[in-house]
Amino acid sequence: MKMPELTPCERIDGGFQVKISMSFPLRWVNSYVLKGEHGFTIVDPGPRNMDTEAEWAHVFQQLGMSFGDISDVVVTHHHPDHYGLAGWMQQQSQARVHMSARSYKEAMMMWDAPESTVAMENRLPSFFVQHGFPLEQVPALELHMRQAYLQVNPQPEITVIPTGMNARLEWGGRSWLPVETGGHAPGHVSLYDPNSGVILCGDAVLPQISPNISLLPGSDAQPLKSYVDGLQRLGELEVAWAYPGHRNPFGYFRERTQALLAHHEERLEKFQQLIQPEGSTAYELCIAMFGGKLGIHQLRFAMSETLAHLVELVRRERTSMSETDSTTRFYPFASIVAES
């Protein structure tokens with residue numbers, strides 16, 4: 001078993017970037033270890049499994065620290081590759097776990113016990129089927145969601161991260177401004193240090209790849225709008241160096257926010273062009289955009305991303321949506337107007 005890379009953060013004194021392993025295609029999530037006067041802060045500890053637990057044991061050995069040295073665990077958002085080990089790490093260390101109130105609400109909805117009727121494992125399959133997802137693929141989707149649930153237990157008791165321009169949080173020997181945005185994950189919190197221009201941006205802004213934007217039942221009804229609004233806010237910050245949740249730290253933060261905004265405008269245009277005059281389901285459009293050879297993990301995200309863009313097209317009155325008891329279809333808006 002290969003142990004994770006441990007790299008000093010050049011712009012954060014006493015800080016380390018730790019590459020905790022995760023599934024293909026991303027391969028690793030960036031966790032950050034920040035050293036402060038009263039202990040260490042771990043940002044986004046990663047998904048839980050036996051390998052990642054062993055990876056953290058190795059990291060602690062390399063840094064000459066133990067669980068008892070951890071004072072705080074900060075979670076930028078509720079996805080398993082960032083949130084999963086938080087409860088386990090809290091049990092071992094008695095550290096405080098911090099996340100936004102909205103992010104914790106999403107965690108409870110996504111990762112409630114499998115027998116719960118509100119658990120996403122029980123809600124997502126029927127939601128997808130309504131949008132044309134094949135019934136024969138439902139068992140694979142259910143299994144995929146069940147496996148994700150196993151990566152987030154036990155779940156932590158949390159301390160809510162305050163929001164607002166006056167909030168300041170002391171971690172790792174510096175004062176951070178929490179910036180809450182949505183889209184990729186409702187309640188996502190980036191940590192910004194205005195004095196140095198350093199930002200720990202989680203998955204809100206990633207270099208080289210575009211964060212997934214998902215429409216999910218019971219969550220944000222307009223996730224792409226939320227993401228665009230958040231990108232515009234983040235792009236106004238004076239950022240000199242960004243530490244993301246995936247890939248490597250980078251310095252072109254504002255330019256990256258602009259590129260991501262342009263990317264989603266282009267994708268909206270492509271989806272609008274793919275919609276057939278007789279109507280298209282989200283699944284049909286998903287396959288047309290992303291191809292028909294996706295594994296269930298990638299298909300789940302592609303399907304949710306397709307829906308996020310389609311509801312944004314509806315919001316902008318560039319397409320129309322028609323729902324029946326069994327299927328939802330999307331239509332070119334101009335043809336609907338012409339027929340009415």
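1. In this predicted model, the hairpin formed by strands E9 and E10 has six residues between its strands, and Gly183 adopts a positive phi near 100° there. The two strands run antiparallel and are joined by five bridges, with E10 covering residues 188–193. One specific pairing can be checked directly in the structure: Glu180 has Val189 in E10 as its bridge partner.

2. Strand E9 also takes part in a hairpin with strand E8. Here two residues lie between the strands, and Gly172 has a positive phi near 65°. E8, which spans residues 169–171, pairs with E9 in the antiparallel sense over three bridges. Within this pairing, Arg174 of E9 stands opposite Trp171.

3. Is strand E9 enclosed by the rest of the structure, or is it open? The strand comprises residues 174–181, and six of these eight residues are buried; it is therefore largely enclosed by the rest of the structure.

4. A further site that merits inspection is His131. This residue is placed in the loop between helix H5 (120–130) and helix H6 (138–150). Its relative accessibility is 7%, and because buried means under 20%, His131 counts as buried.

5. Which residues does His131 touch, leaving aside those up to four places away in sequence? The contacts of His131 are Thr281, Ala282, Tyr283, Met303, Leu307, Thr328 and Phe330.

6. As regards the overall fold, the protein chain contains eleven helices and 14 strands. Of the contacts with a separation of 6 or more, 65% are between residues 24 or more positions apart. Buried residues account for 52% of the 340 residues in the chain.

7. The overall dimensions agree with a compact globule. For 340 residues, such a globule would have a radius of gyration near 20 Å, and the value for the protein chain is 21 Å, so the two agree. Taken along the principal axes, the C-alpha atoms fill a box of roughly 70 × 45 × 35 Å.

8. Two points concern surface and charge. The accessible surface of the protein chain is about 14900 Å², and carbon and sulfur atoms contribute 50% of that area. The chain carries 26 positive and 38 negative side chains, and the centres of these two sets are 4 Å apart.

Key
Residues are numbered from 1 along each chain as its sequence is written. This is a predicted model: local features need pLDDT of at least 70, side-chain atom pairs count only at pLDDT 80 or more; totals for chains, interfaces and linings use all residues. Side-chain values use heavy atoms; hydrogens and water are left out. Buried means under 20% relative accessible area, exposed over 50%, partly exposed in between (1.4 Å probe, protein chains only). Helices (H or I, at least four residues) and strands (E, at least two) are DSSP runs, numbered from the N terminus. Two strands pair if DSSP finds at least two bridges between them. The radius of gyration is taken over C-alpha atoms; the globule rule is 2.2 Å times the number of residues to the power 0.38. Contact means heavy atoms within 4.5 Å. Accessible areas come from the Shrake-Rupley method with a 1.4 Å probe; for residues, only the protein chains shown count as cover. Lys and Arg count as positive and Asp and Glu as negative; His and the chain ends are not counted. The place of a charge is taken as NZ of Lys, CZ of Arg, CG of Asp or CD of Glu.
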